[in-house]
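Got your viewer open and a selection box ready? Load the model and follow along, one stop at a time.

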Amino acid sequence: MTTRQSMMRLAIEMAIMVALAAVIGVSWNYRLLVNAWTGKGAEAPKAAAGISAPIPLPLGLMQVKELYDRKEATFIDSRDRVAYGSGHIKGAISLPLMDTATAIPEFGNRVPKNATLVVYCSGYACEDSIEVGRQLLAIGYTTVYYFDGGFPAWRDAGYPIARRP
Amino acid sequence: MSRDASRAKSGDQMQNPLIKHSIAIVRICLGAVFLYAGMLKIVDTTAFAGSIAAYRLFPYFFNYLVAAVLPWLEVICGVVLVTGWRTRPAAFMILLLNLFFTAALLSALIRGLEIDCGCFKPGAADPPLMAIGRDLVFMAMAGLVIWQDWRRSAA
C-alpha cells in the first residue's frame, strides 16, 4: 500500500469509528437529547425576561460546600416532592416550582429576609432553581444564589444527603 | 517455509521481545483506561454534560450531544485497543481526543475556571495540571502504539 492509500484508509476507519459512536450515543441518549433540544426553545424567553428582573447568582460546588459547612445558608430544593423524598442535600427545605404560589409566601413568613439562600434542582438541564430564586428575590430576599451543579453534583461529590424529610 | 515468509519473520524478530511485549501491555492498558473512562460517563450522561458545560466552550445543546457521543467513542477506541484489531485508527483517535482534552483543560486554566475536569468520575476534583499531565502520558502511550504499528507494517 502506498502512503496515500494507507492515509486514506486510516481516515476512513477513524470516520467509521466516529460515526458508530454517534449512532450508538444518540440512540442511547435519545430522550435526553430531545429534552435538551426542546428545552433550548423554552430557555430563550426566560433569559430575555431576566434583563429587567433580578436573577439569582450562580455558585460552584466548592463555594456552595463552603456556605454549607459554615451553616450560613438556607438550602432550598426546587425539584418536585418525589425527587426530594428520594434524596436531597441534608437540611434542605423542599420548595417545588409547581407549589410556589402557596409555598413562597409561607417560606417568606418563616425565614428572615436577610438570610442567605441557595436554590438547587437537578443540575445543568434544569432551570427550576433559577425560577424559584427569581421569585424569592421578588418577595424581598436579597442574597439568593443558585447551585448550578444541583443535586447530582452534590451527591457525586459525596457530600451529606438525606432521604425523606 | 518460503523465503519471503522467513524474511518477514526475521524482520519481526529484530525487535527485542521485551520491547514488543511492553508495547502490547501499553496498548492494552491505554485501551482499558479509555474503556473505563467511557463507561463511567455512559452511566450518567447528564452529569458529564454538566462537566462539559462548565468548560463554557459549546452552546447549550452541543454539551449534551458531545456528552452523548464522546463516551461511546472512548469505549469503541478502548475495545479496539484492548483487542488489538485495527489498532492504528484507535490510537490516532485517542491521540486526537487527548490533544483536544489538553487544549480544553489549558483554556479552562487560562480563563481561571474552577471546574472538575470530567475526565473520569463526575465530581472528582482532579487538579487541571494533573489532568493535563495525565493526558500527555496517554498521548505518549498512543504515540508508542502507533510507532509500533507503523514499524510492523513497514517490516
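Here is a short walk from confidence colouring to the sheet and then to one side chain.

Start by colouring by pLDDT, since this is a predicted model. Chain A averages 83, with 88% of the residues scoring at least 70. Select helix α1 (residues 3–28) of chain A, which has the highest mean among the elements of the chain, 93. Now jump to helix α2 (residues 30–49) of chain A, with the lowest mean, 59. Over residues 40–52 of chain A the score stays under 50, and the model has eight contacts beyond four places in sequence for that stretch. Where pLDDT is low, don't read the predicted coordinates in detail.

Next, show the strands. Five of them make an open, parallel sheet in chain A, ordered β1-β6-β5-β2-β4. β1 (57–59) and β4 (93–94) of chain A are the edges: each has a single partner strand, so one side of each lacks a neighbour in the sheet.

Zoom in on β2 (residues 73–77) and β5 (residues 116–120) of chain A, a parallel pair with five bridges. Pick Asp77(A) and you'll find its bridge partner in β5(A), Tyr120(A). Then add helix α6 (residues 128–138) of chain A, which packs on the sheet and touches β2, β5 and β6 (143–147) of chain A. The helix direction makes about 150° with that of β5(A).

Last stop: Ser94(A), in strand β4 of chain A. Is Ser94(A) buried or exposed? Its relative accessible area is 15%, under the 20% cut-off, so Ser94(A) counts as buried. Show its surroundings: beyond four places in sequence, Ser94(A) touches Asp77(A), Arg81(A) and Tyr84(A). With Arg81(A), there is a side-chain to side-chain polar contact of 3.0 Å.

Key: Residues numbered from 1 in each chain as written. Chains lettered and ligands numbered in written order. Predicted model: local features only at pLDDT ≥ 70, side-chain atom pairs only at ≥ 80, totals over all residues. Heavy atoms only, no water. Pairing = 2+ DSSP bridges. Helix = DSSP H or I, 4+ residues; strand = E, 2+ residues; numbered from the N terminus. Contact = heavy atoms within 4.5 Å. Axes fitted to C-alpha atoms, helices over the stretch in contact; angles between N-to-C directions. pLDDT = per-residue confidence, 0-100. Buried < 20%, exposed > 50% of the residue type's maximum accessible area, 1.4 Å probe, protein only. Polar contact = N/O pair within 3.5 Å; in protein donor to acceptor, adjacent residues only side chain to side chain.
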